[in-house]
Amino acid sequence: MDKDNANPTILNVSELPTRLNKKKAAATGKVAELEVDIVLRRPEYLSAPFCDLPWASDDTDSDDGFTIEPIDEQEIYDLISTISDPEHPLSLGQLAVVNLPDIYITPSPSAAAAADPNTLTQVLVKITPTITHCSLATVIGLGIRVRLEQALPPNYRVDVMIKEGTHSQDDQVNKQLADKERVAAALENATLKGVLDKMLETCT
Amino acid sequence: MSSHDPPTPVTPVTPVTPVKLVPLPPFKPDLYERAWQSVPHPTLPLLATTHQKSVTVFSLSTLSAHSSLTNGHERSVRSTTWKPNLPPHKLCLITGSFDSSAGLWRWEDEGQGGSGSLEVEMTGGVEAASEDKDWELIVVLEGHESEVKSVAFSPSGQYVATCSRDKAVWIWEDVGASETDDEWETIAVLNEHDGDVKAVAWCPDTNRSGRGRYSNDVLASASYDDTVRIWREDDEGEWVCVAVLEGHKGTVWGVQWEPNPKTDRFPRLLTWSADRTIRVWTLKEEEDEAEGAPRHAFGGLGVIPNTMRRSLKEEWNCTAILPTAHTRDIYSATWSPETGRVASSGSDGVIAIYGEEASDVDGAVGVVTEDEAAAELDGDVLMSNGHSQSKPEASKQWKLLSTTPNAHGPYEINHVTWCKRYDAGCPPEKRGVEEMLVSTGDDGIVRPWQIS
């Protein structure tokens, strides 16, 4: 089968946004946690695909990660950038299908420090398909929605949309991805579920 | 009515006659998984809840499980409908499933010889069905190409409508020689929607009429194509689309007919949508409707199918948009036959209740213009008090009476329905009379609510 895009642009793994870079940049970062991260961080050559979510490791203060610190855009990015592309042996982060600046959390995590577990939080992810007519945009969007709905607490509402102007049928794809009933039915389709499971295999 | 008047700035609606929702203990057991819909039996104290590949029937007397329908569908059961007009020891449900089929199930209380335990239950008894009685899948209605989203029995029980992601509505007729002879025939396949058909609903008996060349039965369908269509059977036995209701700006998740009109007019329609609005539609009833079809009922001639004869059309107008109460998709709304109140729920986990001011219900009815609708969608203007008093403005009659956030904690609420109370917490003289609300959520909880 011909691939929709045989020669996608690929980002170098080291250029992708990570929690670590962010903490280095932030002068007020938590030093102790940072050191733990550095010590426990796997060497780059072992990090393929790179799934070093800081809070997902047993060695850090991850147990109550949901309640102590609000989930921020970087955490959302870490959850979905490691999803595999359905047709390339690369991650959605490497292909720049998902990008940190295109993740929006409402209300903003900095504003909602003492979040009530019942308060609805919207996570909006705008994806950039590798080419404008990529027929797999729906499958990629579905994978992101499923990944986030499985990983996030139930008060999160996940909206996945095609970034404006990057896809020729974005309204149609957006409407499908927003339809709870269609998403539920898609997950009961064995073929589609198989594709999704494979995409999500590379997430830990 | 002029659409050029600038919208008047308004303050949020304050409840007129405050209504409070008080949670009652949920039905037992918890289902622990997404439940889609809970449908009360038309006359008996039973409630059928669809979840995963099964249906759990709860007793409204004991608020616990009565029986369950399992091992009939390969994928989730999305919706169900009770067959009406059966004797109390016989139960019949039709289920619509993501496996593309609809199933007809029966449950019979043979041991009671015609005066079943259900009647005992209704007068205050307690027993759930004994374990050896079970639901049996009798007939599978096959034909849809993809997920069946909704199923509905007509008021007489003669017809069943089903609808699917394949964009079609099917009408099936019971042609069996007797009640136990389950033979069903497809009598219509309606292919005019441009997207998934999300819901079908039959007009109830009250105030329904044959209207010229049509028979009494009237069906409404709601779709992913943002429209609602109304279907009737003409004098040649053909089911035809008599109106396309355009106005919603997103998937129309559902439709319900006015269950108990206060006047002798034709029942109105209630529709709710991913556009976060709930709309009321009214049939323009006039003597000379055969002459010259009203153009704007169809929002332009382009959408009139070639097969539709002009004289067959009905003019339905959006006569109200309920006050804004939701911030995400509205998955469900329910119109009470007792109080005329509407309750709604959806992705935001809020249950809202609205009331219609009793006065002037059958007076001049205003038509909501597109400008006003757009303003309502933007959240800039609340229809209920945003306009000058001189105009006949139907939407002014609807007030928001209460909103209950987090009615299922952080979870989405897929369904709400009004339903009669039979539980021990209700004074005996009010059992079967007093209404409660039942909500069904992604948390697998089916919760009754007392209205106070």
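Here are some notes on the two chains of this predicted model, from overall confidence down to individual strands and residues.

1. **Confidence in the model.** Please keep in mind as you read that this is a predicted structure. Its overall scores are ipTM 0.83 and pTM 0.82. For chain B, the mean pLDDT is 84, with 77% of residues at 70 or more. Two stretches of chain B deserve some caution. Residues 1–15 have pLDDT below 50, and the model gives this stretch 25 contacts beyond near neighbours in sequence. Residues 379–395 also fall below 50 in pLDDT, and there the corresponding count is 46 contacts.

2. **Chain A in outline.** Chain A contains eight helices and three strands. Going along the sequence, you will meet them in the pattern α-α-α-α-β-β-α-β-α-α-α. Chain A has 204 residues, of which 31% are buried. If you take its contacts between residues at least 6 apart in sequence, 72% of them link residues at least 24 apart.

3. **A helix pair in chain A.** Have a look at helix H5 (residues 137–151) and helix H6 (residues 170–178) of chain A, whose axes come within 10 Å and cross at roughly 30°. The crossing of H5(A) and H6(A) is right-handed. On the H5(A) side, the contact uses Ala137(A), Thr138(A), Gly141(A), Leu142(A) and Arg145(A), while H6(A) brings Val173(A), Gln176(A) and Leu177(A). Sorted by class, the contact between H5(A) and H6(A) comprises four nonpolar, three polar and one charged residues.

4. **Chain B in outline.** Chain B has two helices and 29 strands. Of its 452 residues, 51% are buried. Among chain B contacts between residues at least 6 apart in sequence, 63% connect residues at least 24 apart.

5. **Where the chains meet.** How many residues of chain B are in contact with chain A? There are 14 of them, and they touch 12 residues of chain A. The side of chain B that touches chain A is made up of three nonpolar, six polar and five charged residues.

6. **A hairpin and the strand that follows.** In chain B, strand S11 (residues 159–164) and strand S12 (residues 169–174) are paired antiparallel over five bridges. Cys163(B) has Val169(B) of S12(B) as its bridge partner. S11(B) and S12(B) make a hairpin with four residues between them, and Lys167(B) in the turn has a positive phi of about 75°. S12(B) is also joined by six bridges to strand S13 (residues 184–190) of chain B, again in the antiparallel sense. Here Trp172(B) sits opposite Thr186(B) in S13(B).

7. **The sheet S1-S29-S28-S27.** These four strands of chain B, in that order, form an open sheet with antiparallel pairing. Why do strand S1 (21–23) and strand S27 (413–420) of chain B each have one side left without a neighbour in the sheet? Both stand at the edges with a single partner strand, so one side of each has no neighbouring strand in the sheet. On average, neighbouring strands of this sheet are turned by 30° against each other, direction ignored. S1(B) is held to strand S29 (residues 446–451) of chain B by three bridges, and the two run antiparallel. In this pairing, Leu21(B) has Ile451(B) of S29(B) as its bridge partner.

8. **The sheet S18-S19-S20-S21.** Chain B has an open sheet of four strands in this order, with antiparallel pairing. Strand S18 (252–257) and strand S21 (316–321) of chain B are its edge strands, each pairing on one side only. From one strand to the next, the twist averages 30°. Strand S20 (residues 278–283) of chain B pairs with S21(B) in the antiparallel sense over five bridges. Arg279(B) has Ile321(B) of S21(B) as its bridge partner.

9. **A closer look at Ser332(B).** You will find Ser332(B) in strand S22 (residues 330–335) of chain B. Is Ser332(B) buried or exposed? Ser332(B) counts as buried because 25 C-beta neighbours lie inside 10 Å. Beyond its neighbours within four places in sequence, the contacts of Ser332(B) are Gly254(B), Ser344(B), Ser345(B), Gly346(B), Asn414(B), His415(B) and Val416(B). As for Arg276(B), 56 residues away along the chain, its C-alpha atom is separated from that of Ser332(B) by 11 Å.

Notes:
Residues are numbered from 1 along each chain as its sequence is written. Chains are lettered from A and ligands numbered from 1 in the order in which they are written. This is a predicted model: local features need pLDDT of at least 70, side-chain atom pairs count only at pLDDT 80 or more; totals for chains, interfaces and linings use all residues. Axes are lines fitted to C-alpha atoms, for helices over the stretch in contact, and angles run from 0 to 180 degrees between N-to-C directions. A crossing is left-handed if the near helix is turned anticlockwise from the far one by less than a right angle, and right-handed if clockwise. Two residues are in contact if their C-beta atoms, placed from the backbone, lie within 7 Å. Ala, Val, Leu, Ile, Met, Phe, Trp, Tyr, Cys and Pro count as nonpolar, Asp, Glu, Lys and Arg as charged, and the others, Gly among them, as polar. A residue is buried if 20 or more other C-beta atoms lie within 10 Å of its own, exposed if 12 or fewer, and partly exposed in between; C-beta atoms are placed from the backbone. pLDDT is the predictor's confidence in each residue, from 0 to 100. Two strands pair if DSSP finds at least two bridges between them.
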